[in-house]
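Colleague: Could you take me through one part of this model closely, the largest pocket, and then show me how its surroundings fit into the rest of the protein?

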Amino acid sequence: MAEPTPRYDVMILSERAGYRAPGNALRTMVNMLAFRGFAQPYEEAVAKDWLEIYMKPGPAAHEVFHKYAYDGEQPVFHEAVLRADERGFLPEYGPTEITQFFMIEYRACVYTDPLGPFRKLLLDSLHLRVAVYQRPHLALPPHATVAEDERPEEKKKRERSAGLAGTEVDEW
């Protein structure tokens, strides 16, 4: 019986510790990962000040890490997580004493370093120069849950007004 392939957790952070990705850029990034087949979102935890989006490997997931076709029996990674946090967080590995505000993590990954084209994609879409950290994979952690007091407020729809002065038409 073949020995199992070693797996790693690969965390992508900004070279600049204070980097905060704009909200629209985060949405664009998730859509781009899905469109290119790198990762497909399947669950999310959205709070007032933070969010985590969980993604499964897409049909082109290997292209993040591997230049040629991937013919492994197992997926390239088990789960990807995009995290943005306005309050900041300390990563579990890598720079554990430096507050971060953004990360992408590939959990249970066969490879340890994203390729240059993927790094360029992050630079072009998020203006993000990356620092990459890895550790041996132990287990998938549970997904984050949003406490009731952290839930974002629902935006109320505005009712249409009668219009600006001079725009209403009176029928004769």
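Modeller: Happy to! The largest pocket is lined by 16 residues, and those that lie nearest its centre are Val46, Ala47, Lys48, Trp50 and Leu51. Helix H1 (23–35), S3 and strand S4 (79–89) are the elements that give two or more residues to this lining. S4 supplies the largest share, which is three residues. By character, the lining divides into nine nonpolar residues, six charged and one polar. As for its volume, the largest pocket comes to about 320 Å³. Please keep in mind that this is a predicted model.

Now for the strands in this part of the chain. Strand S2 (residues 39–46) and strand S3 (residues 50–57) run antiparallel and are joined by seven bridges. One pairing you can pick out is that of Ala45, whose bridge partner in S3 is Glu52. Between S2 and S3 there is a hairpin of three residues. Of the residues nearest the centre of the pocket, which include Val46 and Trp50, Val46 belongs to the range of S2 and Trp50 to that of S3.

If you follow the chain on from S3, you come to the loop between S3 and S4, where Phe65 is found. Phe65 counts as buried because its relative accessibility is 4%, and the cut-off for buried is under 20%. Leaving aside neighbours within four places in sequence, Phe65 is in contact with Val10, Val76, Tyr106, Cys109, Tyr111, Asp113, Pro114 and Leu115. Take Cys109 from that list: Phe65 and Cys109 are 44 residues apart in sequence, with 9.4 Å between their C-alpha atoms.

That brings us to the whole protein. Its secondary structure comes to two helices and six strands, and from the N terminus on the order of the elements is β-α-β-β-β-β-α-β. Among contacts with a separation of 6 or more, 70% are between residues 24 or more positions apart; the pair of Phe65 and Cys109, 44 residues apart, is in that range. Buried residues make up 39% of the 172 residues, and Phe65 is one that counts as buried. On the outside, the protein exposes about 11600 Å², of which carbon and sulfur atoms supply 51%.

Definitions and conventions. Residues are numbered from 1 along each chain as its sequence is written. This is a predicted model: local features need pLDDT of at least 70, side-chain atom pairs count only at pLDDT 80 or more; totals for chains, interfaces and linings use all residues. Side-chain values use heavy atoms; hydrogens and water are left out. Helices (H or I, at least four residues) and strands (E, at least two) are DSSP runs, numbered from the N terminus. Buried means under 20% relative accessible area, exposed over 50%, partly exposed in between (1.4 Å probe, protein chains only). Contact means heavy atoms within 4.5 Å. Accessible areas come from the Shrake-Rupley method with a 1.4 Å probe; for residues, only the protein chains shown count as cover. Two strands pair if DSSP finds at least two bridges between them. On a 1 Å grid over the protein atoms alone, a cavity is a set of points where a 1.4 Å probe fits but cannot get out, and a pocket is an open set with protein on both sides within 12 Å along at least five of seven lines; lining residues have an atom within 4 Å of a point. Grid points are joined across faces, edges and corners, and a volume is the space filled by probe spheres set on the points. Ala, Val, Leu, Ile, Met, Phe, Trp, Tyr, Cys and Pro count as nonpolar, Asp, Glu, Lys and Arg as charged, and the others, Gly among them, as polar.
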